[in-house]
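Look at the chain below and turn it slowly. We will start with one helix, then move to a second helix, the ligand and the domains.

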Amino acid sequence: MLSTERLSPAFPQHSRLDERGRLQIGGCDAIELAREFGTPLYAVAEEDLRARARSYLDAFRARHDDFVVAYGAKANACTAVLEVFAGEGLWCDVASAGELQLALGAGFSPERLIVHGNARTEEELELALGSGAGLVVVDNFDDIDRLERLTSAASGAPAGPAAAHEGQDVLVRVTPGVRPGTHASISTGQADSKFGLGIDDAARAIERIDAIEGLRLLGLHVHVGSQLMELEPFVAAVAAIAPLGSFDVYDLGGGLGVAYGAGEHPPAVEDYVAALVEAVQSALGPGKRIIVEPGRSLVANACATLYTVVSVKRNVSVWVAVDGGMSDNLRPMLYGARYEAQVADRFGDSVPCRLVGKHCESGDVLVHDAALQDPEVGDVVVTPATGAYGLAMANNYNGVPRPAMVFCRDGQARLVVRRETYDDLRARDVS
Ligand SMILES: Cc1ncc(COP(=O)(O)O)c(C=O)c1O
């Protein structure tokens with residue numbers, strides 16, 4: 001029997017257990033993937049990425065004419081992922097000059113880029129303007145100073161297409177004073193935040209921008225936080241920015257939560273979009289352009305990481321050590337993020353254990369409360385829901401090369417990011 005019922009919602013939609021109880025991702029056998037490409041390995045069900053992009057587009061199409069779905073590239077800025085979303089017709093939210101370059105390289109047209117950042121140098125803003133980025137989101141008054149200088153310097157000299165007509169289109173990022181129920185490190189909507197401007201300062205920023213010839217203020221931006229499992233904070237943020245006036249464009253950021261394990265039920269994309277559309281129409285009026293910037297909810301569940309078990313020992317607890325860890329998934333260490341784990345060809349939970357990485361930190365624990373089925377050295381262990389902020393935050397701690405990524409589709413696996421080599425570790429050394 002082909003079974004999906006033993007998979008939690010953290011796994012890709014396009015995954016299942018086969019008749020032998022072996023995990024298949026995008027039609028590819030997880031054990032074979034590990035054998036062919038090595039571990040740790042990010043295995044992505046490519047069709048999941050497309051299905052999730054389409055679910056956002058369909059949800060908007062069903063209820064609102066003027067909308068933009070912009071992929072929050074920070075979640076996973078690998079070129080192959082960006083290419084999928086560019087191909088599906090999304091825009092792209094970039095948070096740095098580097099992400100901007102990656103998005104352009106992956107085929108996003110410049111006018112579909114939304115450029116963020118709370119600490120952008122003049123050079124970074126110049127690059128954004130020069131590349132013709134569609135929207136620059138103003139985070140602070142220093143941004144306004146820089147943009148004023150750049151757009152007045154550019155008048156007469158051609159910058160990007162946006163700067164060439166009525167000025168560079170901008171949004172003002174507002175911190176709406178909404179504290180969502182998520183980890184403090186990924187909460188951004190509260191009044192005391194490093195991102196954006198409070199309501200009073202936003203009102204002053206709007207006045208200043210209105211007086212600058214080279215800038216055209218289209219609207220406001222809010223992003224209340226990430227991994228939100230309730231819709232109320234999104235709705236509250238819309239209400240909070242209403243007193244700032246009426247604009248054509250409202251960018252409501254990203255933040256929709258995902259399931260990292262069994263029993264977790266984030267709001268459906270349909271319900272999220274319906275709530276936003278309803279909130280905008282009732283608090284801000286009809287005919288507005290609504291932008292959203294989903295990151296995690298487009299990529300997290302499309303991917304699972306495969307590891308090989310290197311050691312199993314009992315030291316009070318049972319410690320199952322794998323060949324990766326905090327260098328390929330920093331989220332458990334940064335935020336206490338919880339993951340589930342399974343032996344890829346033996347799902348079950350006979351042995352309560354701690355799934356740990358290979359790094360020289362006691363905190364290098366991927367799953368504190370794992371339960372694996374008779375874990376043994378050589379087993380392939382899978383942790384699902386690693387597509388967001390995994391590769392994006394990967395690092396070389398302890399000189400560990402970063403993993404490869406494969407796209408799996410209809411039983412075919414395609415290498416899209418090669419594994420780092422030991423030579424790569426030295427690649428930037430000058431001596
Ligand atoms: C401005 C902005 N937009 C979008 C996102 C994407 O958020 P998420 O991955 O939670 O959807 C973030 C994440 O931090 C963000 O800061």
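Begin with helix α8, residues 199-210. Helices here are DSSP runs of H or I, at least four residues long, numbered from the N terminus. At 1.5 Å a residue, its 12 residues should span 16 Å, the expected span being 1.5 Å times one less than the number of residues. The end C-alpha atoms are 17 Å apart, which agrees.

This is a predicted model: local features need pLDDT of at least 70, side-chain atom pairs count only at pLDDT 80 or more, and totals for chains, interfaces and linings use all residues. Residues are numbered from 1 along each chain as its sequence is written.

Which residues of α8 are buried? They are Ala-202, Ala-205 and Ile-209. Buried means that 20 or more other C-beta atoms, placed from the backbone, lie within 10 Å of the residue's own; exposed means 12 or fewer, and partly exposed is in between. The three cover an arc of only 60° around the axis, which puts them on the same side of α8. The arc is that of the directions from the helix axis to the C-beta atoms. The face turned away from that buried side carries exposed Asp-200, Glu-207 and Asp-210.

Now take helix α5, residues 122-130. Its buried residues are Leu-125, Ala-128 and Leu-129. They fall within an arc of 95°, so they line one face of the helix. After α5 comes Gly-132, with a positive phi near 85°.

Finally, the domains. An automatic or database assignment sets their bounds. Domain 1 is 15-45 + 300-426, and domain 2 is 109-294. Their C-alpha centres lie 35 Å apart.

Conventions
Helices (H or I, at least four residues) and strands (E, at least two) are DSSP runs, numbered from the N terminus.
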